[in-house]
Amino acid sequence: MGQTEPRAGHPELACGVGIWDQDVYGNHRLLVEVTDAAPAVAAELPWRRQGVSVRSVMGDVDVIVLAPSGLRVHNTVTVEATGERGRIAFEPVEGPGAYAVHYLPYAHTGKPYYPQAAYRPPTRTADPGWAHRCGLDGGGVEGAGTDGPGATGTRAGGWARLPRAEAFRYEAASALDSFAPMGFAATGAECEALREAHSGERFVVFAEDRAYPLGRYGSLPARWARTAPGAAFTGAADRGEFYAVQVGVYALADLTEVRAEVRGLPFAVRCLSTGGVDARGAAFERNVEVVEGGVTVLWCGVDVPEEARPGLYEGEIAVSARGVPERTLPLRLTVRETVVEGHGAGDPARLARLRWLDSTLAQDDEVVPPFTPVEVDGQRLAILGRAVELGPDGLPHRISSAFTPSVTRADGPERELLAAPVTFGVGRTLEYGPLAVDQPGPARVRWSTTATGEAVHLCLDGELESDGFLALHATLEATADTELDVRLDVPLREDIARYAMGLGLTGRACPATYDWTWDTPTRNQDACWLGDPAAGLHLSLRDEHYARPLNTNYYREKPLVTPRSWAGDGGGGVRLRTHDGVRTLTAFSGPLRLRAGESRRFTCRLLLTPFKPLDPARQLTERYFHAYASPGEVAAYGANVVNLHHATPPNPYINDPLLAAGTLRAYTDEAHRLGVRVKVYDTIRELTRHTPELPVLAALGDEIFAPGPGGGHAWLREHMGDSYVPGWVAPDVGDAAVVTSGDSRWHNSYVCGIDRLRRIVGVDGLYLDDVAYDRTTMKRVRKALARSAASAPLVDLHSCNQFRAPDGFASSANLYAELLPYVDRLWLGELFDYEGRDGADGADPAYWLVEMSGVPFGLMGEMLEGGGNPWRGLVFGMTARAPMTDVRPLWRAFDLLRLPEAEITGWWAGEPPVRTGRADVLATTWRGPGGTATALASWAPEPVEVVLGTEAGPVAAYAPAIDGFQPERSFAAGEPVPVAPGRGWLLRVDSPSADADAATSP
């Protein structure tokens, strides 16, 4: 039986960790000592379980006894099983020695990455004859349960007469699995004694070391029940450290507005548990409530300055609740001579990273490259490649785009998107006041106006940011009882609105007519995009109650909140109509009844696309390696960018790469020496159980972690209570995670963590595997990355196809549109349809263009599912990703043809330099120092032949040999080029070169 140093925390037992098969016996056991040989012995097991969230399908959980050799003892009877203790009898088959009693055995069922822990129900294994001879045949385990004594008179009497085997040690399968010290609950008698000792008081307080966070344990810890409430808090901090202080509250009556305040120290102190700064930089307060008999903790942070004088500082911690006199306990903090870097963030166990929760890092209106400041000329607002002209009502009257048809430049002729001004109507005439415009910073302009009409008052606020984000907030207040019919009309030119995506439509040619209504419980749909690659609008509809839903398998755990404004009284929706060259997108509320003084807020968010010019050279020269390998192996492969996924040695635990900062820094330094840039997996959708701050965050209720059904991995069930959403599990590194909420202070911490990854660890960017935060956080992330190192950061966004039931049928590009200004590359992704078999989405090049390529948003991408379709992908500048697919032959072809030095003209530009003569065989062309090269791909359902030509007539073409892609072949001018369904060519449209074989693999 393996042993390590014990951890304190159990009143009766030593604590430590041991080694056994967790998948068979669970994570916890008690060791009992048998001193004499006997047919049967009795053992009392003071397991002191916290709560009853860990249960089998039959109620209580089985108890398994192992002999000193590790063999199972089948002659075992559970006489009593409550939350406080168990009483068992067993046959000591190997005589005297230490026997292990495993009391929470489980098996993980379901998918390995999303398992469900099934706890083993009580099972009769004792021989009836043995049980009868020992006086233990009073019904086996019937009647046993966690909430009652569960002992029949016959069995209890037989148990009492047996020799005793004494429990002497608690062991967990790992320190992370351990219940010590806070997970052992006080007994009912201990709680009653505490209540009697403090009769008349509403609560008592306990000082607790930061090394022992309470987390979500709901019962009074035995550790506290056996200490005196109000005892002094003592601790020691380094100079410069953010020192976390924990104070426990045990409620002897219902409490509300529980608060903590640290007084008397000459340092800045704040209470993290009762409020702070949200992810948008606004202050908020959090009401802490505790029911009678419940327990909670309040966390405070002491900011010890670097210049603090070493020595002892004394103060007090005052805890109060509404209508209840405060209670205090002394605080003694010793400041050491040592000065710590980064407020202590380099050692996560200090919990100093809690300082980041209220950070406003990168919360500003400064410009993020490549965007340019918003230029204001009266009511004309200009940004990179786009311009908006406001009308006197504060709505866009004109929107234009100067992006070139290939989306490679932003200085082309301006094209108007609107056929007429955008209008916001309420079913009656409105009289508008003056429009006020101001600019709080170079990256943002805002404006406001008011209007009045019969029985209604309107306040309209708007803003435009340098990336193309335009928001309109219209608040309607009834000045008398009234009924309104609110509608927003966005009239787009039909030649602009050629494609559509969203509100139930996957990427496609824009339909002439479409109708949609709200269904938020099952549909993550509140937005759509219409446009062409060089000019478009993304529209989303919200109100003041909007909360970002969960995504990627979790939508139904936290769906969209139906906007009370746009959905109206149930008659709201969106319709699209086409007439006389105008496509009008109308959002409407239907009849909306308001009482005098009642208001509704209508928020309309417009994203002006594309966000930035494509960078084809960067797309072809940044060669990704998406797997764990040494930097030397990555460089030898020919890649120059490596993505370090979680569950790898330099980045072992999901969404907290700083836990392995030293290893990651060494890897990054070596990679940089070899010319390889390093990006790490780090999102915010879920958080590893290895994060030391997790129990602190869990104690903040549902602020950080999304409420949900619980279940999942055994660790979550044993330590996270019963309201959470289980996240990803990586069994190869022993990781399990819990899902975060869509919007919380954890986003502030995340931004600070990204900054540290870049500044201290040296990583070059992020690999985002689906994203659970909004554009505000994404913008801050980009700023943090850009400002913390001299080189430009790299960010790529990967997404599994979200257009499926678990994700609310939301196209990934539509779902993440607001994040795309700050992303460099897309990787879409699992479950995407590249082939279009049987008429599926991939059979339509419009689906490729809008849904997968990124081109309409100023991005390029890569393919994943099944390696993608390399021929179709190439006409969008896309390849699969190494090493899952060997794309080195294509990389060599790119270099041979000098494509990174060439200018691209995509087929989507309308007038391709090289033409195929067929609408279902598309051609994208590169022209540069290496001549003219063209990628062809077919969407035709049958084999076809095409004749390549330019404005001057037919052209000759040469296909260099590319392993796995095409054989070497030459085509004379006018000679038909055969193209199989779903296949294509990469051709040089000039005379063959003698070094053509350089594109073949060795």
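Start by selecting Tyr243 and Val302: Tyr243 stands opposite Val302, a residue of strand 19. Keep in mind as you click around that this is a predicted model.

**Stop 1: strand 19 and its sheet**

Now widen the selection to strand 14, residues 242–251. Strand 14 and strand 19 run antiparallel, and 9 bridges join them. Next, add strand 16, residues 268–271, which is also antiparallel to strand 19 and is joined to it by 4 bridges. Click on Val269 here: its bridge partner in strand 19 is Val302. That's the residue you saw opposite Tyr243 a moment ago.

Strands of a sheet pair through backbone hydrogen bonds, in a parallel or an antiparallel way. Show the whole sheet and you'll see 4 strands in the order 12-14-19-16, forming an open sheet with antiparallel pairing. Strand 12 (203–208) and strand 16 are at the edges with a single partner strand each, so one side of each has no neighbour in the sheet. Turn the view a little: on average, neighbouring strands of this sheet are turned by 25° against each other, ignoring direction.

Is strand 19 itself buried or exposed? Select residues 295–303 and switch on a surface. 9 of the 9 residues are buried, so strand 19 is largely enclosed by the rest of the structure. Both of its faces are covered. On one side you'll find Val295, Val297, Trp299, Gly301 and Asp303, and on the other Thr296, Leu298, Cys300 and Val302.

**Stop 2: the cysteines**

Colour the cysteine sulfurs. How many disulfides does the structure hold? The count is 0. Take Cys15: the nearest cysteine sulfur belongs to Cys191 and is 18 Å away. Cys15 has a relative accessibility of 2%, so it counts as buried. Then jump to Cys752, which is in no disulfide either, with the nearest cysteine sulfur, that of Cys271, 19 Å away. Cys752 is buried too, at 7% relative accessibility.

**Stop 3: helix 11**

While you're at Cys752, select helix 11, residues 746–761. This helix is mostly covered, with 14 of its 16 residues buried. Step just past the end of helix 11 to Gly762, where phi is positive, at about 95°.

**Stop 4: His713**

Select His713 next, in the loop that runs between helix 9 (694–698) and helix 10 (714–719). With 11% relative accessibility, His713 counts as buried. What does its side chain reach at 3.0 Å? Look for the backbone nitrogen of Trp715. Then show what surrounds His713: beyond its neighbours within four places in sequence, it is in contact with His108, Pro115, Ala117, Arg689, Val729 and Ala736.

**Stop 5: Leu418**

Go to the loop between strand 26 (415–416) and strand 27 (423–425), and pick out Leu418. Leu418 is buried, at 8% relative accessibility. Not counting residues up to four places away in sequence, Leu418 touches several others, including Pro396, Ile399, Val490, Arg493 and Leu537. Now try a distance between C-alpha atoms: Leu418 and Arg583 are 165 residues apart along the chain, but their C-alpha atoms are separated by 9.4 Å.

**Stop 6: salt bridges**

A search of the whole structure turns up 80 salt bridges. Pick Glu12 and Arg226, whose side chains meet in one of them at 3.5 Å, N to O. This pair links distant parts of the chain, 214 residues apart: Glu12 is in the segment before strand 1 (14–17), and Arg226 is in the loop between helix 5 (222–225) and strand 13 (233–239). Glu12 is partly exposed, at 39% relative accessibility.

Your next pair is Lys783 and Asp364, with a salt bridge of 2.7 Å, N to O. Lys783 is in helix 12 (residues 775–787) and Asp364 in the loop between strand 21 (324–339) and strand 22 (375–377), so the pair ties together parts 419 residues apart in sequence. Lys783 counts as buried at 2% relative accessibility, whereas Asp364 is partly exposed at 25%.

Then go back to Arg493, which you met beside Leu418. Arg493 forms a salt bridge with Asp495, where the closest N and O atoms are 2.6 Å apart. Asp495 is partly exposed, with a relative accessible area of 41%, and Arg493 is partly exposed at 27%. To finish, look at a network joined by salt bridges that share partners. Among its members are Arg618, Glu622, Arg677, Lys679, Asp796 and Arg881.

Note on methods:
Residues are numbered from 1 along each chain as its sequence is written. This is a predicted model: local features need pLDDT of at least 70, side-chain atom pairs count only at pLDDT 80 or more; totals for chains, interfaces and linings use all residues. Side-chain values use heavy atoms; hydrogens and water are left out. Buried means under 20% relative accessible area, exposed over 50%, partly exposed in between (1.4 Å probe, protein chains only). Helices (H or I, at least four residues) and strands (E, at least two) are DSSP runs, numbered from the N terminus. Two strands pair if DSSP finds at least two bridges between them. A polar contact is a pair of N or O atoms within 3.5 Å; within protein, one must be able to donate a hydrogen and the other to accept it, and residues adjacent in sequence count only if both atoms are side-chain atoms. Contact means heavy atoms within 4.5 Å. Axes are lines fitted to C-alpha atoms, for helices over the stretch in contact, and angles run from 0 to 180 degrees between N-to-C directions. A disulfide is a pair of cysteine sulfur atoms within 2.5 Å. A salt bridge is a side-chain nitrogen of Lys or Arg within 4 Å of a carboxyl oxygen of Asp or Glu.
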